[in-house]
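Welcome to this guided tour. Open your viewer, get your selection tool ready, and follow along one stop at a time.

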Amino acid sequence: MAKTPSKYICVHGHFYQPPRENAWLEVIEVQDSAHPYHDWNERITAECYEPNATSRILDQDQVIRDIVNNYSRISFNFGPTLLSWMKEYAKETYTAILEADKESILRFGGHGSAMAQVFNHIIMPLANARDKETQIIWGIRDFESRFERKPEGMWLAETAVDTETLEALVTNGIKFTVLAPRQAKAVRKLGDTKWDEVNDQTVNTKRAYRCNLPSGKSIDLFFYNGDISQSIAFNGLLNDGKRFADSLLNAIDANETEQQLVHVATDGETYGHHHKNGDMALAFCLDFIERDNRATLTNYAQFLEIAPPTHEVQVIENSSWSCVHGVERWRNDCGCNSGGHSNWNQQWRKPLRETLDWLRDSVSSIFEHEGGELLLDPWKARNDYIDVVLNRNEETIKKFRESHAREGVAESRVFRLMEMQRHAMLMYTSCGWFFDEVSGIETIQIMQYACRVIQLANQTHEVDHGAEFLDGLAKVPSNINTYGNAASIYSQFVLPSVINLKRVGMHFAVASIFEDEPETQPIFNYATTSELFTKKEAGDQKLALGIIKVKSLVTRSERRFAFAVIYLGKHNIIGNISLDMEVDKFSGMQFRMIMAFQDGQLGEVISIMQTYFGPEKYTIWQLFSDEKRKILELIAQKHLSELENSLRKSYNSDYQLVTALSNNGLPIPNAYKTTFEYILNADLINCFNSDKINIKQMERISEELTRWSLKIEDIGKLSRLAGESIYKELQRISNERDNAKRVQRLNRMFPLLDKFNLSPNLHKSQNLYFEISKEEQLKTTGVPEWTDQLKSLGENLGIKVG
């Protein structure tokens, strides 16, 4: 009979991003600070979440010898709001995370490595009892909907803990959580009466503890190794995967006979985002430990089964892992900050939380009053509303209504109430207080959620908390003199974001000018239905008129609008919108406007619009952020194409003249150099965008750039396009096995990329090559030329398959 191992290692990653979605559109709008990516979720996915799903293990020559899914061998939790985004925008990585949990169940004795997390990362000790309960229930339901099993453990935001939170975890079936070593107050052996006080240096982190609660229930707790975790996050331990593994193995007590667990916990983003190639250090570390045989990898749930607690523990109330003052970082100027501004303070934290607490309590009264009329049990309805949040379709909405709403009530009133409560929790997302300044994007985000709460309260109960909320924000100081206080920040960055059905109608009207089929145009989480729509064009000018119905897919509220918009060329747009214009009146206006437009009387068109709609107008600037950029880029691209055609004509017609100047030692005018450089760069972009790699064209461009001493204009953009082109070509190779010429053509590209000084991201291409090579190894026969070219391709991609 095999001997049960006694020495175990577990690495936990807390993978989380704050919810960044626009409070009305439910999508993340472009975040320029994340450039060249669309937003920070996309950037961190590229730098961390995706690489950990396909992490590289290198050989001694720094060539990839294996690609592994790190998630399957560690303990991890993902924030529910992050997973919701990944399901839509990073599908392959999302699937890899779910598959990793299934694999870990087989690897770790029937226990999955994924832990649940409180829903939107609020600081639990600072939450009221109802919010604690809902955050846990929503976190569990979200977990179950994705991982298709019940969670055994739950991660607390910032590991912030108090007894009430632990009671709520146990009540909802959670078996364990993970805390920082400094959160342990005292320990004793089960059955003993004397408590021994401990601290972050004296608590034995190698065992699990039982925490007995006032209710008579208990929960098991782990306290991670603080020193090694600190070294991983801040002291460069991830610079060397072998040193990382040694630090874990050396922490094992060789003289200890009972089962012991060396475990660490950090932000998951440490492995790749905070530390480049941190995922590879983790992969090497895990691989080394498995090969070394001195310890066995495990997860928390399996270790609890192997080694149930023999000791119990008391925790320090209101403590956390990222604030030595407990939970003061999220309600006071305690001195904890992210650094970089020594002259700043965080005196804004306390009045901001007090203002949000006032708003929460105010709308809770509305919720109980209105909810009592509309719902059978308002607070139970809130707990169950997660089912709608996870899957907004007619079936779940109908089921929720039938289970919770009183008969005959308007559904829009019900769902406005529920959304008011959802956003009242979102506004407590911990990142809003974590950093140094109240004007940071994380704090602006939670103020945006608060703004949505105020709007929904007004729509639900006809009470406006806006003025009093602004008064509260005026007491929240900013470190930046130009802002002064949070009221100014709120007015500049939050209020302009407010969206209602009319603004959605405006967006539809303007966007319809540029869409081929605007009648079926979805607008984020709003549905639009065209009752009437007409579009006319005359050269660059366009005219669109219509009657549409706009419906929120979230609150279920809807309105009907008539609109007219005229496009005068470039970015010049004038539009109007009106609520509930009668069809006969609209038809008369439509007839007059079309006649005037077709007669070329644009001034008359605008005059008719004013007659029917009044003086209020809207322009392209009323478009939502991403759509506005898209249309402006579309307009700019049209004019850039015209410019390129003009420059190309000069390039073709004057090429021999420039050659003659060069051959005779005469200086080439800068205008010609600029023209040639622009055209050659455009040609290279076209090479990467084409369906077939044109090596001869790329070679010509390389020769021309060298001949005229010209340079690549946008290294970053062209590197990205080159990486995408290589991946697309590799996909074609995967579908056309034994086509050696196609592989040979791709191999010829790599020396050219060096000449262009391009550094494409080869991550996805390496993954696909790895799959192809593994499949090819299973073949008993193969075309020699294909095999040779495939091997060369592996060398170019920096990967080999043993």
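**Stop 1: a salt bridge with two settings**

Select Arg392, which counts as partly exposed because its relative accessibility is 29%. The scale works like this: buried means under 20% relative accessible area, exposed means over 50%, and partly exposed lies in between, using a 1.4 Å probe and protein chains only. Before going on, please note that this is a predicted model, where local features need pLDDT of at least 70, side-chain atom pairs count only at pLDDT 80 or more, and totals for chains, interfaces and linings use all residues. Residues are numbered from 1 along each chain as its sequence is written, and side-chain values use heavy atoms, leaving out hydrogens and water.

Now add Glu419 to your selection: the side chains of Arg392 and Glu419 meet in a salt bridge (2.9 Å, N to O). A salt bridge here is a side-chain nitrogen of Lys or Arg within 4 Å of a carboxyl oxygen of Asp or Glu. Arg392 sits in the loop between helix H12 (386–390) and helix H13 (394–404), while Glu419 belongs to helix H14 (residues 411–426), so the pair ties together parts that are 27 residues apart in sequence. Helices (H or I, at least four residues) and strands (E, at least two) are DSSP runs, numbered from the N terminus. Is Glu419 buried or exposed? At 0% relative accessibility, Glu419 counts as buried.

**Stop 2: other salt bridges**

Searching the whole structure gives 51 salt bridges. Pick Glu290 and Arg107, whose side chains form one of 3.0 Å, N to O. Glu290 lies in helix H8 (residues 278–292) and Arg107 in helix H3 (residues 91–107), so this pair ties together parts that are 183 residues apart in sequence.

Next, select Glu776 and Arg737, a salt bridge with its closest N and O atoms 3.0 Å apart. Glu776 is in helix H27 (residues 763–777), and Arg737 is in the loop between helix H25 (715–735) and helix H26 (740–756), 39 residues apart. Glu776 is buried, with a relative accessible area of 14%, whereas Arg737 counts as partly exposed at 25%.

For a group view, highlight Glu729, Arg732, Glu736, Arg742 and Arg745, which are linked in a network of salt bridges.

**Stop 3: the nonpolar cores**

Which residues touch the most other members of the largest nonpolar core? Among its 168 residues, they are Tyr71, Phe78, Met86, Leu248 and Phe563. Helix H16 (residues 441–461) gives the most to this core, with 10 residues. A nonpolar core is a set of buried Ala, Val, Leu, Ile, Met, Phe, Trp, Tyr and Cys residues joined through side-chain atoms within 4.5 Å.

Zoom in on Met86: leaving aside residues up to four places away in sequence, Met86 touches Tyr49, Phe78, Lys91, Thr93, Tyr94 and Ile97. Contact means heavy atoms within 4.5 Å. Then jump to a second, separate core of 48 residues, including Phe750, Leu768, Tyr769 and Leu797.

**Stop 4: an open sheet**

Finally, show the strands as arrows and find the open sheet of 6 strands, ordered S7-S11-S10-S14-S8-S9 with mixed pairing. Two strands pair if DSSP finds at least two bridges between them. Strand S7 (176–179) and strand S9 (196–197) stand at the edges, each with a single partner strand, so one side of each has no neighbour in the sheet. Strand S8 (residues 184–189) and strand S14 (residues 311–315) pair in the antiparallel sense over 5 bridges. For a last click, choose Val187, which stands opposite Val313 in S14.
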